[in-house]
Structure formats: structure tokens, C-alpha cells
Amino acid sequence: MKREKRQRIEADPIPLDLQEAILTRLPAKSLMNFLCVSKTWSSIIRNQRFVNSYYAMSSTIGSRFTIAFCCGSQAKFDDWRLFVFSSSYEDEKSSSLATTLHMTIPSVSSASGCLSVHGLIGCTIGGPFIVCNPSTNKYTILPCAGPRTFLGYDPVGDQFKALTMVSYPPPPQPQDFLVYEVLTLGGGESSWICNTFTSLPHFTVTNSICINGFVYYAAWTPTRTTNPVIVCFDVRYERLSFIKAPMPVVCWEGESILIEYKGKLASIARHPHADFHSFDLWILEDATRHDWSQQTFELPFSLGMGRNITSPGTNKAGEIIFAPKHLSYDVQPYYIFYYNVDRKDMRKVRLLGIADDEEFRRRYKIAGQCYVSISPEHVETIASL
């Protein structure tokens, strides 16, 4: 009896555009593993057009935020590290949000100003400037030789830039100018490119925020406590300009709070050394005319001493987020607060897993005061560093 030969059926290859569509819906960490599957997939995932498509898809999924903190002020040098978490997607009805530890970065002692910019996080640590991508578990340390560095993103040129103040005005005598250094990454470049420029003297007092291609931070010009301004850095054209600011926006210096509110620069003004039961919301309505609006809001309950609370910004629903600046010294839940400016009410939400169990603190030897840096509306990216 003769055996019949089985006919081999070959399936048609999946079109590249369909492969791309499927890949954009996968988690970033899975995509990093798929880089080794085939040259075709590696080429797709590394392509800048796919990177942009993935970011656009991620931005439609929902709102989440990143949380960063270090081992504490009393931790030993060998135990220093930066923890980067992200929250689950927000739900107005939820009283808690789960968090995921994405990565730890060794030898970092402070989490001051760890802000999300177009999916990357820039961390000011008083020395080298760290840029990390929690979605891919990658980070790089930039050779920024200056007291302050700010991360910005140019949406037109698709470029990340780190702005560093190389010189600093020694009070009370101002310098004739300040020197800035700009490191550029993006737009198809494979390494950081350096450029320098000068600006009029000013005394910087806050961390920065990047909105629609502009980096903003508060300062005095030309010397401390003289004229309050918002320094505006045009990321695309690498130019600095000054916007006149109301005194309450700048006067508390390091305690001043800058946020993005409905696509505009805004400031939460409260007395840092008094009970936090109300605040003024200053909104920059027109940067060209230096036009600000101001509203006052009463909180339904006190959040304690003003200097212990900050605001990282808003969620997609427009609620203003308030959060403690530090973790508790012992094992305690970590709560954030959402204030609805229309209903004038506030809800309390617990972030689960933020050093709120003894085993985590013991394993990583957390000791002393831990500064917490929260960045709302973080979007996943697979951008390379």
C-alpha cells in the first residue's frame, strides 16, 4: 500500500504594517525582549516612526504617573539607589492604586525633581544628570557640569534636550551673563550633541516643567529677591526669554510650585509655614503679554503644614494632585489627594507598594528622610538613550 505524500502548506507572511500594528499594542518590556526574535522585528521596533506610533498609542490608553524616591538621608553610601515606580491606570472611583517597581539605579542619594518628559525621566541629583526610561529599564548619566540641569522635549524636531546652567551668579554681585550648555538627543541621532549659549543673569529658585516644547522655571533677575520672573527656554531654537511673574509665584523660592494646568503653565501658591487649607492658582494666560489670572480655592480639609505638601500637577480629568514630599520614617501608608476645582471636593487615594511594608524597607536598607518625586500623566515610550 502506497503512502500518500502530504502536501506542505505554507502560510502567507504577515504584512509588515499588520506586524507593526500588533507590536504597538504590546508592553514596552515585551518589545525589548522581541528585539532578539528576528532582524525584521528589531528593525521595526528601533525605527523612529514606530517609536512615535508606540508613544501615540500609549497616550490614548489612560493616565498614570511615576513615583521616584531614594533610600533616605541616613542610608549608607553603599546602599544608595533610586527607585522608579509607576502607578496603575487611574479610576475616579478607586480608593487605592497599585504601583510597580520598574527599575533601581545605584549610587543615587536624592530623588529631587525626577520629572517625566515625553516618556523619559530626568533626575537632578546635585551632580551628574540622570535620564532614564522606566519602560525599557535603561538609563544614562549625562556629563552635565553645572548646579542645575533641566530636561526638555521638542515635539517638532522630535528631540530631547538637557539644559544645564554652567555658571551661576554669586550673590550679591551679578555676572554680566550666564553660560548654558545644551545636550541634544533625538531625531535620529545616536549620541548626545553639545552646544553652548549665554543669557542675561538670573538666580534660579525652582525645578523646571516642560510644556509643549518650552521649559519653564522660576527665578529672580538679575540678582536674588529683585524682579520675579519665569525663565522660558525654547527647546527647539535654544533661546531663553523672561516672563514677568507675580510675587507669590516666586517669593517662596524652593517652596514655590509650578505645574501644568490645562496645557498652560500655572503655580500653586500657599504659605509653606502655615496650615495648608487654601491655595491660590495662578495661570499664565498669555506669555507674550505677561498676563496671569488668579483664583483662590478653599480645601474641604487641611493637609497639614504647607511645606510638607507639594503638587506634581493634574490628572487627565483636570483634578489637582497634592502629595506629601516625604515618606514616613516608619512603615505607614502613602496617600495622595485629588482636588476637583469644579465640585470643590477632594478625595484621598492610597498608593500601594510605596515602601509601605517592613520587608521592602529592610531589604533595601531605607533609613531617614526619603524625598518623593511624582510625575503625573506619564506615557510609556521605547525611545533609546
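Here are some friendly notes on the pockets, cavities and nonpolar cores of this predicted model.

1. **The largest pocket.** A good place to start is the largest pocket, with a volume of about 1100 Å³. It is lined by 48 residues, and Leu-115, Ile-209, Pro-312, Ser-375 and Pro-376 are the closest to its centre.

2. **Where that lining comes from.** Two or more lining residues come from each of α4 (48–61), β4 (115–117), β8 (148–154), β13 (209–211), β17 (257–261), β21 (309–314), β22 (320–324) and β25 (372–375). The largest share belongs to β21, which gives five residues. If you are thinking about the chemistry of the wall, the lining divides by class into 20 nonpolar, 21 polar and seven charged residues.

3. **The cavities.** The structure also has four cavities of 30 Å³ or more. The largest cavity holds about 100 Å³ of space. Its lining consists of 13 residues, with Gly-113, Leu-115, Gly-122, Leu-151 and Ser-208 the closest to the centre. You will recognise Leu-115 from the list for the largest pocket.

4. **The cavity lining.** At least two residues each are supplied by β4, β5 (120–124), β8 and β13. With three residues, β8 gives the most. Seven of the cavity's lining residues are nonpolar and six are polar, while none is charged.

5. **The largest nonpolar core.** In soluble globular proteins, nonpolar side chains tend to be buried together. Here the largest such core has 24 residues, and Phe-69, Tyr-334 and Ile-336 touch the most other members. Elements that each supply at least two residues are β1 (66–70), β2 (81–87), β22, β23 (334–340), β24 (345–352), α6 (358–364) and β25. The largest share, three residues, is from β23.

6. **Ile-336 and a separate core.** Leaving out residues up to four places away in sequence, Ile-336 touches Phe-65, Ile-321, Phe-322, Ala-323, Arg-347, Lys-348, Val-349, Leu-351 and Ile-374. Apart from the largest core lies another of 23 residues, including Tyr-54, Val-131, Ala-162 and Ile-382.

7. **Ser-88.** One last spot to look at is Ser-88, in the loop between β2 and β3 (96–106). Is Ser-88 buried or exposed? Neither label fits: Ser-88 counts as partly exposed because its relative accessibility is 26%, and the partly exposed class lies between under 20% for buried and over 50% for exposed. Beyond its neighbours within four places in sequence, Ser-88 is in contact with Ser-63, Arg-64, Leu-97 and Ala-98. The C-alpha atoms of Ser-88 and Thr-99 are separated by 6.0 Å, although these residues are 11 residues apart along the chain.

Definitions and conventions. Residues are numbered from 1 along each chain as its sequence is written. This is a predicted model: local features need pLDDT of at least 70, side-chain atom pairs count only at pLDDT 80 or more; totals for chains, interfaces and linings use all residues. Side-chain values use heavy atoms; hydrogens and water are left out. On a 1 Å grid over the protein atoms alone, a cavity is a set of points where a 1.4 Å probe fits but cannot get out, and a pocket is an open set with protein on both sides within 12 Å along at least five of seven lines; lining residues have an atom within 4 Å of a point. Grid points are joined across faces, edges and corners, and a volume is the space filled by probe spheres set on the points. Helices (H or I, at least four residues) and strands (E, at least two) are DSSP runs, numbered from the N terminus. Ala, Val, Leu, Ile, Met, Phe, Trp, Tyr, Cys and Pro count as nonpolar, Asp, Glu, Lys and Arg as charged, and the others, Gly among them, as polar. A nonpolar core is a set of buried Ala, Val, Leu, Ile, Met, Phe, Trp, Tyr and Cys residues joined through side-chain atoms within 4.5 Å. Buried means under 20% relative accessible area, exposed over 50%, partly exposed in between (1.4 Å probe, protein chains only). Contact means heavy atoms within 4.5 Å.
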